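Student: Could you take me through one part of this model in close detail, and then set that part against the chain as a whole?

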Amino acid sequence: FFGIFGCFLYSVSFLSLRAGTSSLLSCREEMSAVAGEKAPVAGQPLYAALQARSFSRVVFVTAGYPKADSTVQILLAIQESGAVDVVEVGVPYTDPVGDGPVIAECGRVARENGVTSIQQCIAYVKEAQDKGFKLPVVLMGYVNTFKPGWAAAARGSVSGVIVVDLPYEEPFTHDFVADCRGHGISFIPICTPMTTPERLASIDTLTDTFVYCTTVTGVTGARDFGEYFEKVYAPVYAKIKASVRHKAVVGFGIS
């Protein structure tokens with residue numbers, strides 16, 4: 001179902017993985033949590049899911065794609081597969097500057113299907129949970145899609161949130177993070193191959209669960225995993241992980 005529904009595979013932990021291995025589960029990483037570390041108030045289901053494995057698998061789906069009523073079925077199918085630990089639900093947006101052609105097209109179709117608000121996306125998650133969906137959910141989108149009241153509506157249903165265009169330096173970012181934490185939702189900051197160690201350490205303070213590593217300086221989209229692993233993914237991951245204490249999820253181009 002990954003190809004059919006436009007899902008993208010991301011992963012936590014790359015230390016032992018080698019290009020061409022048949023099983024991603026052969027990878028392992030030192031646990032980022034110190035023994036006896038208290039679980040965070042924000043994003044507890046997400047935190048628990050990441051700590052339960054040394055290698056975690058995260059998929060992305062666009063809410064409202066390919067049809068408005070498809071999202072709940074897709075979420076349940078992902079859980080049924082048994083192959084996924086966390087699900088990112090993308091909020092459709094009119095100007096997705098960080099998205100490549102595939103996700104941008106998914107968002108366009110979703111908007112044409114009438115899915116234009118974050119409240120609709122949260123409603124899909126809740127409906128799936130009413131039908132037995134239990135995987136941690138991370139909402140992913142752009143700041144203009146997160147309208148006032150979204151965090152209260154998402155409380156208890158959404159574990160985390162990734163906002164592509166909220167940099168550490170913006171004062172509003174810190175207000176947004178405080179609002180997330182006040183509703184038990186972990187803010188997940190984004191870092192890039194160009195992020196300095198000093199800035200990585202600052203970014204790491206914004207999260208309770210993990211940092212999101214974009215391994216390339218372009219947009220989302222498929223790359224050749226075997227070619228990119230040794231040259232791009234592993235070095236970027238090692239650099240970022242050396243400067244943060246939380247888990248690191250590697251994204252953009254993992255396919």
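Tutor: Let us begin with P66, which sits in the loop that runs between β2 (56-62) and α2 (71-81). In this predicted model, the peptide bond leading from Y65 into P66 is cis, its omega lying near 0 degrees.

The strand on one side of that loop, β2, contains S56. With a relative accessibility of 0%, S56 counts as buried, because that class takes in residues under 20%. S56 also has a partner far along the chain: V249 is 193 residues away in sequence, yet the two C-alpha atoms are 8.6 Å apart in space.

A second strand residue can be read in a similar way. L139 belongs to strand β4, which covers residues 137-141, and L139 counts as buried because its relative accessibility is 0%. Leaving aside residues up to four places away in sequence, L139 touches V89, I118, I122, F146, W150, V158, G160, V161 and I162. For I122, one of these, the C-alpha atom is 8.5 Å from that of L139, with the two positions 17 residues apart along the chain.

V158 links this neighbourhood to the largest pocket, since V158 is touched by L139 and is also among the residues nearest the pocket centre, together with P45, G156, S157 and S159. The lining of that pocket comprises 16 residues, which divide by class into seven nonpolar, eight polar and one charged. The space within the largest pocket is about 180 Å³.

Turning to the protein chain as a whole, we find eight helices and nine strands. Of its 255 residues, 53% count as buried, and the area that the chain exposes is about 10900 Å², of which carbon and sulfur atoms supply 56%. Among contacts between residues at least 6 apart in sequence, 71% join residues at least 24 apart.

Confidence has to be considered alongside these values. The mean pLDDT of the chain is 81, and 75% of the residues reach 70 or more. Over residues 1-37, however, pLDDT stays under 50, although the model has 110 contacts beyond four places in sequence for that stretch. Where pLDDT is low, the predicted coordinates should not be read in detail, and the contacts of residues 1-37 are therefore to be treated with that caution.

Methods. Residues are numbered from 1 along each chain as its sequence is written. This is a predicted model: local features need pLDDT of at least 70, side-chain atom pairs count only at pLDDT 80 or more; totals for chains, interfaces and linings use all residues. Side-chain values use heavy atoms; hydrogens and water are left out. On a 1 Å grid over the protein atoms alone, a cavity is a set of points where a 1.4 Å probe fits but cannot get out, and a pocket is an open set with protein on both sides within 12 Å along at least five of seven lines; lining residues have an atom within 4 Å of a point. Grid points are joined across faces, edges and corners, and a volume is the space filled by probe spheres set on the points. Ala, Val, Leu, Ile, Met, Phe, Trp, Tyr, Cys and Pro count as nonpolar, Asp, Glu, Lys and Arg as charged, and the others, Gly among them, as polar. pLDDT is the predictor's confidence in each residue, from 0 to 100. Contact means heavy atoms within 4.5 Å. Helices (H or I, at least four residues) and strands (E, at least two) are DSSP runs, numbered from the N terminus. Buried means under 20% relative accessible area, exposed over 50%, partly exposed in between (1.4 Å probe, protein chains only). Accessible areas come from the Shrake-Rupley method with a 1.4 Å probe; for residues, only the protein chains shown count as cover.
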